[in-house]
Amino acid sequence: MSQKIAIIGGGYLGSELAKSLDEVAQVTLIEPRSHFVHSPAMIRAVVDPSLLDRALIPYDGLLKNGRIVVAKAAGIDATGVTLDDRTRVEADQIVVATGSGNAMPFKPHGADIAGLWADNQRIHQQLKAAQSVGIVGAGAVGTELAGEIAHAMPGKKVTLISSDDTLFPTMPPKLGRSLAKKLSKAGVTLLLGQRAENLESMTEPYAGSLELTDGSQHDFDLIFPAIGSRANSELLEALNGVEKSNANRIKVDPWMRPSTLPNVFAAGDVADGGDAMTIVAISRQLPWLKAALIGLAQGKTLEGIKPYKPWGNRAPILVPLGPKLGSSFLGVFIAGNFLTSRIKGKDLFLTKYNKLLGRKG
Ligand SMILES: Cc1cc2nc3c(=O)[nH]c(=O)nc-3n(C[C@H](O)[C@H](O)[C@H](O)COP(=O)(O)OP(=O)(O)OC[C@H]3O[C@@H](n4cnc5c(N)ncnc54)[C@H](O)[C@@H]3O)c2cc1C
């Protein structure tokens with residue numbers, strides 16, 4: 001237990017890593033939020049706010065031995081982390097997992113969990129009152145949101161807009177085709193190959209009119225921007241030798257190092273080592289990172305540890321359209337409603353993450 005490991009950010013990467021090292025190292029998790037935010041359930045929570053009771057999970061049951069410091073990290077150097085109140089957390093190894101932000105009401109502004117709760121309630125009321133709903137962006141969040149609204153509020157006129165010509169164009173084509181068919185059957189209008197030229201907010205739903213590439217105008221009672229996450233990379237940007245990639249992410253080498261500091265690692269959404277910004281990617285990074293940190297504690301050199309290999313084009317993706325429907329790519333084949341619902345759609349991994357955080361599930 002002699003190694004001191006500081007983990008910055010208690011999202012999917014930070015929380016699970018902290019827990020997995022809790023018995024073998026002196027872990028300090030630095031996290032300003034009072035609650036873990038389980039993002040896959042935040043989409044359905046727009047149609048069913050009662051889910052928030054299990055989607056926003058207090059941190060107090062996560063660690064048995066290590067400590068959680070409720071604070072924002074403001075700086076990193078070779079010997080530790082400086083918090084925003086100038087307190088120091090000394091560490092032998094530092095893992096930066098500051099993640100990413102997304103639109104309202106999917107992720108909080110900073111540490112504001114009460115604000116996220118209030119945003120969810122307000123936007124749920126706006127959605128209930130809306131007749132027509134436009135969703136801009138047909139990645140997993142936009143597509144799932146369309147499916148959730150069509151399932152839970154079947155009277156609404158839902159339109160899903162994407163600048164790509166197909167859904168999920170980087171995945172095997174059968175995935176996009178199958179989701180498009182299911183959404184159309186559920187009454188969702190798909191406008192593909194069309195950019196919204198005048199999106200007024202990238203972060204906040206609003207009522208308004210969208211002008212598309214073909215010049216057509218579409219009025220909506222509520223428009224949800226769903227155009228992707230942006231990494232929280234400020235902390236890493238201050239280090240020597242960092243290089244930015246897209247969506248504000250910071251490049252890491254094959255040993256997950258973002259800078260010239262050999263004992264600073266970065267993983268999850270903030271780090272670009274070749275994986276997408278997903279929990280699925282993190283599920284692959286976690287065992288490597290845990291083994292590397294334990295190896296270092298046992299006196300191995302990092303270069304003696306096999307480098308991390310990202311998913312490549314075999315990364316699975318599960319896209320539920322409400323609790324019963326959906327399609328998934330499971331690495332080698334496309335699964336339909338049954339498996340998508342069983343693996344993700346029904347429970348949205350709520351039980352798994354409540355257990356991880358020491359709750360009943
Ligand atoms: C609505 C939605 C649904 C999603 N659904 C899925 C899904 O079904 N499957 C999937 O694979 N992926 C999904 N994703 C993507 C997934 O949420 C992210 O990949 C994941 O959250 C990344 O985890 P992370 O640990 O890197 O960062 P995050 O989960 O973003 O956590 C980062 C943490 O760092 C903290 N932090 C930030 N700055 C500091 C600082 N300076 N000091 C200390 N702490 C700090 C934050 O407070 C936060 O708790 C979804 C994303 C969204 C928005």
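1. A residue counts as near the ligand if one of its heavy atoms lies within 4 Å of it. The model is predicted. In it, 33 residues surround the ligand. Glu-31, Ser-39, Lys-107, Ile-279 and Lys-344 come nearest.

2. Which classes make up the shell around the ligand? There are 17 nonpolar residues, ten polar and six charged. Three helices each supply at least two shell residues: H1 (12–21), H2 (39–47) and H8 (279–297).

3. Polar atoms of the protein approach oxygen atoms of the ligand. For Ser-39, a polar side-chain atom lies 2.5 Å from a ligand oxygen. For Ile-279, a backbone N or O atom lies 2.8 Å from a ligand oxygen. For Ala-97, a polar backbone atom is 3.5 Å from a ligand oxygen. The protein buries 92% of the 1,000 Å² that the ligand exposes when taken alone.

4. Now the nonpolar interior. The largest nonpolar core holds 35 residues. Leu-127, Ile-135, Ile-149 and Phe-224 have the most contacts inside it. Elements giving two or more residues to this core include helices H2, H4 (113–129), H5 (140–152) and H6 (173–185). Strands E11 (132–136), E12 (157–162), E15 (217–225) and E20 (317–321) do so too. Helix H2 also supplies at least two residues of the ligand shell.

5. Take Leu-127 in detail. Leaving out residues up to four places away in sequence, Leu-127 touches Val-46, Val-47, Val-133, Ile-149, Met-153, Lys-156, Leu-222 and Phe-224. Of these, Ile-149 and Phe-224 are also among the residues with the most contacts inside the core.

6. A second core is separate and has 34 residues. Val-95, Leu-286, Leu-296 and Leu-302 are among them.

Definitions and conventions. Residues numbered from 1 in each chain as written. Predicted model: local features only at pLDDT ≥ 70, side-chain atom pairs only at ≥ 80, totals over all residues. Heavy atoms only, no water. Polar contact = N/O pair within 3.5 Å; in protein donor to acceptor, adjacent residues only side chain to side chain. Areas by Shrake-Rupley, 256 points an atom, 1.4 Å probe, with all protein chains shown as cover. Helix = DSSP H or I, 4+ residues; strand = E, 2+ residues; numbered from the N terminus. Nonpolar A, V, L, I, M, F, W, Y, C, P; charged D, E, K, R; others polar. Core = buried A, V, L, I, M, F, W, Y, C linked by side-chain atoms within 4.5 Å. Buried < 20%, exposed > 50% of the residue type's maximum accessible area, 1.4 Å probe, protein only. Contact = heavy atoms within 4.5 Å.
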